[in-house]
Amino acid sequence: MQDFVKLLGLRHRREVVGRSAIFGGEHFVLEETDWYLLNLFRLWWHYGISFLRLQMWVEEVMEKFMRIYKYQAHGYAFSGVEELLYSLGEATFVNMTQHSVAESLLQVGVTQRFIDDVVSAVLRASYGQSAAMPAFAGAMSLAGAQGSLWSVEGGNKLVCSGLLKLTKANVIHAAVTSVTLHSTEGKALYQVAYENEVGNSSDFYDIVVIATPLHLDNSSSNLTFAGFHPPIDDVQGSFQPTVVSLVHGYLNSSYFGFPDPKLFPFANILTTDFPSFFCNLDNICPVNISASFRRKQPQEAAVWRVQSPKPLFRTQLKTLFRSYYSVQIAEWQAHPLYGSRPTLPRFALHDQLFYLNALEWAASSVEVMAVAAKNVALLAYNRWYQDLDKIDQKDLMHKVKTEL
């Protein structure tokens, strides 16, 4: 994503400092201060060296994951998620998709209390799931919670629209309904049928990339495949529903133990398993931030983002806010419901038919999807030109060093 931002001439959005805290239903179990050393002391006082063990575990996972950028720079690609993970971390990474975050962290000496209070809160905020989710996805989420996240000035959507414009692609505004296999001169040819307000139509393609989740809860599961032997049946697993409510109003600081709203110091509130009706709450900033911008004072009306597993009832909104002017709601299937699918999917569904979203069944984020997209592009290229030595190779670290 960093490369895309530079390519498009975009800039990182200026960050506005705000303190965070973890709410346990009745009181805050952990509060951030403005002093780094005091924050470290509080973590040590409450949880011993668990936070250091967590950081070492995450850094080890990320150091191995970063190998993918070097592999892709040399043109290597993988036909399945398991093959990609094995090339990065061997059996350890594959096993991390089958064991929980809690189980993995307990093995490296992280305490159960730290997992319940801190790790679970981060996972609820990012995935809406618990520490029972697979360790690999959890590690990706926890890596993002260490202060390295950034956003694009003007909105992250500028990356997508900018890349689409840069490619000069011919965009057909329609819903794809089926992919049918044909063959010509011994090569696969795919007929893609689609429909829009004009009617139904279809076109033939040498290479097809499916860049939408194929899962049980999505309308994309209506996409059918015909003429394939054996048949393609990759519609497995479920997705985690997520609801985001943008509320313009006055926060009810009394609910969080601050009767005087002027004394409420936090801009971001994460939660443990309780209360269950919302996952996190944060005071959001505009996509464009001027040099003179400041956050609203706690007693002022501000725009708050509430993430929850289900749409909030009016009584729940009144619990979080003293009063509010407006509420805007967005609900979608945000992430895979980890554990609902028994096996990892493959990128290659057929000779030149690829499934980009396969990788999000290992971990789901914008950066992971960018990695998956480049892998599919390289895989399609290598298959088309029969450069099979660049596909599913083992011991790539040695090969890359040899090439250098």
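Six bridges connect strand S4 (residues 187-195) to S5 in the antiparallel sense, where strands are DSSP runs of E with at least two residues, helices are runs of H or I with at least four, both numbered from the N terminus, and two strands pair if DSSP finds at least two bridges between them. The model is a predicted one, in which local features need pLDDT of at least 70 and side-chain atom pairs count only at pLDDT 80 or more, while totals for chains, interfaces and linings use all residues. Residues are numbered from 1 along each chain as its sequence is written, and side-chain values use heavy atoms, with hydrogens and water left out.

Within the S4 and S5 pairing, tyrosine 190 stands opposite tyrosine 205 in S5. Both strands belong to an open sheet of four strands with the order S5-S4-S3-S7 and mixed pairing. Its edge strands, each pairing on one side only, are S5 (200-205) and S7 (224-226). Neighbouring strands of this sheet are turned against each other by 20° on average, direction ignored, with axes taken as lines fitted to C-alpha atoms, for helices over the stretch in contact, and angles running from 0 to 180 degrees between N-to-C directions.

Strand S1 takes part in two further pairings. With strand S9 (residues 266-271), S1 (residues 19-23) pairs in the parallel sense over five bridges, and serine 20 stands opposite asparagine 268 in S9. With strand S2 (residues 28-31), S1 runs antiparallel and is joined by three bridges; phenylalanine 23 has phenylalanine 28 in S2 as its bridge partner. S1 and S2 form a hairpin with four residues between them, and glycine 25 in the turn has a positive phi of about 105°.

Turning to the interior, the largest nonpolar core has 81 residues, and Trp57, Phe136 and Leu353 have the most contacts inside it. Such a core is a set of buried Ala, Val, Leu, Ile, Met, Phe, Trp, Tyr and Cys residues joined through side-chain atoms within 4.5 Å, and buried means under 20% relative accessible area, exposed over 50% and partly exposed in between, with a 1.4 Å probe and protein chains only. Helix H11 (residues 366-384) gives the most to this core, with eight residues. Apart from this core lies another, of 20 residues, among them Ala21, Phe258, Phe277 and Phe278. Tryptophan 57 touches Met96, Ser104, Leu105, Val108, Ala135, Ala139 and Leu142, residues up to four places away in sequence not being counted, and contact means heavy atoms within 4.5 Å.

The axes of helix H7 (residues 112-126) and helix H8 (residues 135-144) come within 10 Å and cross at roughly 90°, which makes H7 roughly perpendicular to H8, a term that covers 65 to 115 degrees. Val119, Val122, Leu123 and Ser126 of H7 meet Gly138, Ser141 and Leu142 of H8 in this contact.

Two residues in the loop between H11 and H12 (396-403) can be set side by side.

| Residue | Phi | Relative accessible area |
|---|---|---|
| Glutamine 386 | near 55° | 57%, exposed |
| Aspartate 392 | about 55° | 28%, partly exposed |

Glutamine 386 is found in the loop between H11 and helix H12 (396-403), and aspartate 392 also lies in the loop between H11 and H12. The peptide bond from histidine 229 to proline 230 is cis, with omega near 0°, and proline 230 has its place in the loop between S7 and strand S8 (239-251).

Note on methods. Angles under 35 degrees count as roughly parallel, over 145 as roughly antiparallel, 65 to 115 as roughly perpendicular and the rest as oblique.
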